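Biologist: I'd like to know what stands behind the terms you use. Can you take me through them?

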Amino acid sequence: VSSAASDVYKRQYQRRVHGIIVQKGNIMDIDLLHPDPVEEAKLHKLKRLVQSPNSYFLDVKCPGCDKVFVVFSHAQTVIKCHDCDQILCRPTGGKCKLERGVGFRKKQFQLIKTPSVSYTHLRAHETSLHLVCRLLL
C-alpha cells in the first residue's frame, strides 16, 4: 500500500473532538459527558457541552443614594441613577465597566416550575374566551 493511500485510510478513521484527534477504536483522553468546569468555561458559549450565554443581570447599588438597580452585564449605554444622576456603569464593547464605589451582586437565575397538566384537564376548563390550542393533535 502506498504512502498516500495509507494517509487517506488513516484520515477516514480519525475525527476531531474538541480539537483533539481521536482514532477509531482508541480510548479517549477526555470524558465528553463530564467535562472539567474550568476547561468548559474557557470554551466559546456555542462550543460548550450545554450551550449557555456569558451574560447575566446584576443588582447594582448606587453609592450616593443606596438605591438598587437591575443592570444587564453587557449594557450598551451609560447607566445613571434616577435620583442623584450618578453614573453607575459604562459600556466597553463587551461587559460593562462599573464605576468606583458601586456595589454589585450577580442575580441568580430562578426557574419557575409549573406543574404539567393533561390535555383533558385543559379542555375541562375551556371557555369561549380561553380556547385550548388543538393544532398539536
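Modeller: Buried residues account for 14% of the 137 in the protein. This is a predicted model, where local features need pLDDT of at least 70 and side-chain atom pairs count only at pLDDT 80 or more, while totals for chains, interfaces and linings use all residues. Numbering runs from 1 along each chain as its sequence is written, and side-chain values use heavy atoms, with hydrogens and water left out.

Biologist: What makes a residue buried rather than exposed?

Modeller: Relative accessible area: buried is under 20%, exposed over 50%, and partly exposed lies in between (1.4 Å probe, protein chains only).

Biologist: Why are L58, V71 and C89 said to be in a nonpolar core?

Modeller: A core is a set of buried Ala, Val, Leu, Ile, Met, Phe, Trp, Tyr and Cys residues joined through side-chain atoms within 4.5 Å. L58, V71 and C89 are in the largest such set, 11 residues in all, so they count as core residues. β3 (57-61), β4 (68-72) and β6 (87-90) each give two or more residues to this core.

Biologist: How do you know that β3 and β4 pair?

Modeller: Pairing takes at least two bridges found by DSSP. β3 and β4 have five and run antiparallel, so they pair. In β4, F72 sits opposite F57. Strands themselves are DSSP runs (E, at least two residues), as helices are (H or I, at least four), numbered from the N terminus.

Biologist: Which residues of β4 are on its covered face?

Modeller: F69 and V71, whereas V68, V70 and F72 form the uncovered one. Side chains in a regular strand alternate between the two faces of the sheet.
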